[in-house]
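Subject: Structure for you to look at

Hello,

Here is the structure I promised you. Please open it and keep it beside this email as you read.

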Amino acid sequence: MTSPSRPTLRVGLIGYAFMGAAHSHAWRTAPRFFDLPLVPELTVLAGRDAARVTDAAGRLGWSSSETDWHRLLERDDVDLVDICSPGDTHAEMAIAALAAGKHVLCEKPLANTVAEAEAMAAAAERAAASGVRAMVGFTYRRVPAIALAARLVADGRLGEIRHVRAQYLQDWIADPAAPMSWRLQKEKAGSGALGDIGAHIVDLTQFITGQRITGVSAVLETFVRKRPLPASSGKLGGVGGEGMGEVTVDDAAVFLGRFTGGALATFEATRFALGRKNAIRIEVNGSAGSLAFDFEDMNVLHFFDGAEPAATAGFRRIVVTEPEHPYVGAWWPAGHGLGYEHGFTHQVVDLVTALAEGSQPTPSFADGLQVQRVLEAVERSAAARSTWTDIPT
Ligand code: SOE
């Protein structure tokens, strides 16, 4: 339990939708289950609508609320700004917060373009010189089974990595009648499935393998190009109305990749995999072993040990809930399992620990920039159809 005498980390959060709620839960919960060197304080929640942000602040446990995010940069009772607003706001907010001497946690993807991400990474580098730190929120790295997978690869248990197979499958807009949202607007979200969920599997596969993607060949598709505008403007980030709106992002991204160690990779990110709700499926095949993970069974990691004699070889199902496993010791007894929200709490634990040590939290903005470069390469490859060979039908 964190003792009351510990120094505090006073947080200002921007946004109170899905990510704002998940981050609020994490800031509240982390000091109650982990012995943190700094005690987070939920100082202020920022949002545009005065009535709604005041209500959200009460519901999510924030001491005060603001309707102008710039106020968070001026307040001397804010040490860290947590950005949980759509991607078109990330660059302006993060760069201003860093310049104001505030640490920054910014939701993924880091930005909507490589140019924005480069400016953010440069601002983070400047700020780090005076001990102000920035981190991008790829929380799935902090699912215990994923952290265990990365540990197995780093320990050489898979040998040389030959194949990486990654899917992120959702189906929340498979119905053409599903209304327009800000996530389907390029000027707000930057891209569709590619940046929203494709960014996660780009980051995860690089984190697990410890390698970088060096090239891609891609296809993007938008299956449903027009959608009904939502009656309530809130769902579209402030824009609503009658009739139909134009979808200006991809619904699905499929791409091949190659890693620095020579491994071949296949990636699939889609919101049209009817029946798959949040299926992050990763398989890595190496010369000495393989691993497989599915977020819809997130407390389990499947591991094939190539050293096992053939008579007893096979994928074993590791239930990743032992105290020896990453993060798990702070929670429940073996077998009781964790959920989606725990990755956000573990993110707070690692961020706060790094800040107290004066070290760089990971993933850094430079890591987020590299992911953005992969996303942009996917978009360029898809546009160029560079390696696509048509088959006459
Ligand atoms: C929507 O696809 C979404 O909320 C993503 O934006 C999150 O990053 C993911 O964790 C859950 O799905």
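Start with strand 4, residues 80–83. Leu-80 and Asp-82 point one way from strand 4, and Val-81 and Ile-83 point the other way. All of them are buried. Keep in mind that this is a predicted model.

**Around strand 4**

Which strands pair with strand 4? Strand 1, residues 8–14, pairs with strand 4 in the parallel sense, over four bridges. Strand 5, residues 103–107, also runs parallel to strand 4, and four bridges join the two.

Look at Asp-82 in particular. Asp-82 is the bridge partner of Leu-13. In strand 5, the bridge partner of Asp-82 is Leu-105. The chain leaves strand 4, passes through helix 4 (residues 90–99) and arrives at strand 5. This β-α-β crossover is right-handed.

Now to helix 4 itself. Its buried residues are His-90, Ala-91, Met-93, Ala-94, Ala-97 and Leu-98. In general, an α-helix has 3.6 residues a turn, so residues three or four places apart point the same way. Just after helix 4 comes Gly-101, with a positive phi of about 85°.

**The eight-stranded sheet**

Next, find the open sheet of eight strands. Its order is 8-11-12-7-13-14-15-16, and the pairing is mixed. Why is one side of strand 8 and of strand 16 left without a neighbour in the sheet? Strand 8 (213–221) and strand 16 (316–319) stand at the edges with a single partner strand each, so one side of each has no neighbour there. On average, neighbouring strands of this sheet are turned by 15° against each other, direction ignored.

Inside the sheet, strand 7 (residues 161–169) and strand 12 (residues 264–270) pair in the parallel sense. Seven bridges link them. For instance, Gln-167 has Glu-268 in strand 12 as its bridge partner.

Two helices to check come next. Helix 8 packs on the sheet and touches strand 7, strand 8, strand 11 (252–259), strand 12 and strand 13 (279–286). The direction of helix 8 makes about 150° with that of strand 12. Helix 10, residues 365–384, packs on the sheet too, touching strand 8 and strand 11. The direction of helix 10 makes about 50° with that of strand 8.

**Helix 6 against helix 8**

How do helix 6 and helix 8 cross? The axes of helix 6 (residues 144–154) and helix 8 (residues 193–209) come within 7 Å and cross at roughly 40°. The two helices are therefore oblique to each other.

Which residues meet there? Helix 6 brings Ile-146, Ala-147, Ala-149, Ala-150 and Val-153. Helix 8 brings Leu-204, Phe-207, Ile-208 and Thr-209. By class, this contact of helix 6 with helix 8 has eight nonpolar residues, one polar and no charged.

**Backbone details in the loops**

Three spots are left. The peptide bond from Lys-108 to Pro-109 is cis, with omega near -15°. Pro-109 sits in the loop between strand 5 and helix 5 (114–128).

The peptide bond from Thr-362 to Pro-363 is also cis, with omega near 0°. Pro-363 lies in the loop between helix 9 (340–357) and helix 10.

Last, go to Tyr-327, in the loop between strand 16 and helix 9. Tyr-327 is not a glycine, yet it has a positive phi of about 70°.

Best wishes

Terms used
Residues numbered from 1 in each chain as written. Predicted model: local features only at pLDDT ≥ 70, side-chain atom pairs only at ≥ 80, totals over all residues. Heavy atoms only, no water. Axes fitted to C-alpha atoms, helices over the stretch in contact; angles between N-to-C directions. Parallel < 35°, antiparallel > 145°, perpendicular 65-115°, else oblique. Contact = heavy atoms within 4.5 Å. Nonpolar A, V, L, I, M, F, W, Y, C, P; charged D, E, K, R; others polar. Buried < 20%, exposed > 50% of the residue type's maximum accessible area, 1.4 Å probe, protein only. Pairing = 2+ DSSP bridges. Right-handed = clockwise from strand over helix to strand, strands pointing away.
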